[in-house]
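Please open the structure in a viewer and keep the sequence panel beside it. The stops below say what to select next and what is found there.

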Amino acid sequence: MKDDGQEDRGPSAVREPAVIVRGVTKAYGDIQALAGIDIDIEPATVFALLGPNGAGKTTLVRILTTLIDMDDGEARVAGHDVRREGTRLRGAVGLAGQSAAVDPVLTGRENLELVARLYHMPGSKAWDRARDLLSQFDLVESADRQVRTYSGGMRRRLDVAASLVAEPEVLFLDEPSAGLDPRGRLDLWQVIRELVRGGTTVLLTTQYMEEADQLADRIAVIDRGRLIAEGTPAELKSRSGGEVLTVRAADDACLPEVQRVLGAHGDDTPVVDSEHGRVSVRVSDGAGLLAGVVRALDDAGVALSEIGLRQPTLDEVFLALTGRRAEDGAESNDDGAKSAPAAVNRPGGP
């Protein structure tokens, strides 16, 4: 039996989504941070909220973790109503916010043990859990140093580790790769994959297209408080209208001619990457066009060093959906909302 009196259900039973959001709105004065969001997140999956700063991603995470109230709508997380069952909900979720919510005076080990004790773990279990997480996040050598001596990436890893102390059913990661170097990012991705294999549901916000592509089972694209697209990475890529044809000339002086030829064959205006000497254009029938493009370039006297077709990136998908790139959003924390430390979502918070 679960501690809330509900029986455990077998794998064949119908389970409700781990996260259910219906018509959620939130405004800050004249700024409409969320304008009626609807999403479902299935258990043991990774769901990515993709969008620029100011899109509404962090506001939604704060609502779902009870840090702020919604203006209207309904939401359930891990079977608990966000508005009416906040205490139970907070015991079932973990949160690592955009800013690391760790005590700089305590050591890394002490931070994790403190969180464990707040979850009412006995001393020996708290020590064991801290030890395991320090190992998992490659912090063993620095475990007994004060956190104020940690690098930004180390603090980020410790904060994510703290969000996992109680082995939450649903884990919220707000820009989890912020401050991590490439190796740290890859290590974190592996941790997320292992958590999902173990049954944890993960909702992450990100501006990293590669991160969403690598991790997410489903992606919701949010822009200016509205859900503008949702689907698997492959489904969203298909919405950009086909494949991308990329050509690299042997001589960069030929780039204008390559742009002219691709403009005559593609579905939109070719994009010139002068730094890498490439020109790309979206095409609906790449395989059918390829031979004709090669002939046209040969007739124009352009020698090729590379030509190929590929699926669009999620960055290109976002550009196709919104007319701008994800990094072109507002220069501030999400929606102008005041930052709230992730720690208040741990036991003992409001």
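Select Ser177 first, in the loop between β7 (170–174) and α6 (182–197); helices are DSSP runs of H or I with at least four residues, strands are runs of E with at least two, and both are numbered from the N terminus. The model is a predicted one, in which local features need pLDDT of at least 70 and side-chain atom pairs count only at pLDDT 80 or more, while totals for chains, interfaces and linings use all residues. Residues are numbered from 1 along each chain as its sequence is written, and side-chain values use heavy atoms, with hydrogens and water left out.

Is Ser177 buried or exposed? Ser177 counts as buried because its relative accessibility is 0%; the term buried applies under 20% relative accessible area, exposed over 50%, and partly exposed in between, with a 1.4 Å probe and protein chains only. Beyond its neighbours within four places in sequence, Ser177 is in contact with Arg185, Leu188, Trp189, Tyr208 and Glu211, contact meaning heavy atoms within 4.5 Å.

Two of these partners deserve a closer view: display Arg185 and Tyr208. The charged end of Arg185 sits over the ring of Tyr208, 4.1 Å from the ring centre. This label requires NZ of Lys or CZ of Arg within 6 Å of the ring centre and within 35 degrees of the ring normal.

Move next to Thr200, in the loop between α6 and β8 (201–206). Thr200 is buried because its relative accessible area is 10%. Apart from neighbours within four places in sequence, its contacts are Ala44, Thr45, Pro168, Glu169, Leu171 and Leu195.

Ala166 is the following selection, in the loop between α5 (152–163) and β7. With 25% relative accessibility, Ala166 counts as partly exposed. Outside its neighbours within four places in sequence, Ala166 touches Tyr119 and Met121. Add Gly94 to the selection: its C-alpha atom lies 7.8 Å from that of Ala166, although 72 residues separate the two along the chain.

Now go to Gly36 in strand β2 (residues 31–41). This glycine is partly exposed, at a relative accessible area of 33%. Its contacts beyond four places in sequence are Gly23, Val24 and Thr25. Between Gly36 and Gly23, the C-alpha distance is 4.1 Å and the sequence separation is 13 residues.

Select helix α1 (residues 57–64), where eight of the eight residues are buried. Among them are Lys57 and Arg62, as well as Leu60, Val61, Ile63 and Leu64. Just after α1, Thr66 has a positive phi of about 65°.

The last local stop is a helix pair. Colour α9 (residues 255–265) and α10 (residues 286–299): their axes come within 10 Å and cross at roughly 145°. Axes are lines fitted to C-alpha atoms, for helices over the stretch in contact, and angles run from 0 to 180 degrees between N-to-C directions. Which residues meet? Val258, Val261, Leu262 and His265 in α9 meet Leu289, Gly292, Val293, Ala296 and Leu297 in α10.

Finally, show the whole chain, whose secondary structure comes to eleven helices and 14 strands. Of its 350 residues, 47% are buried. Among contacts with a separation of 6 or more, 67% join residues 24 or more positions apart.
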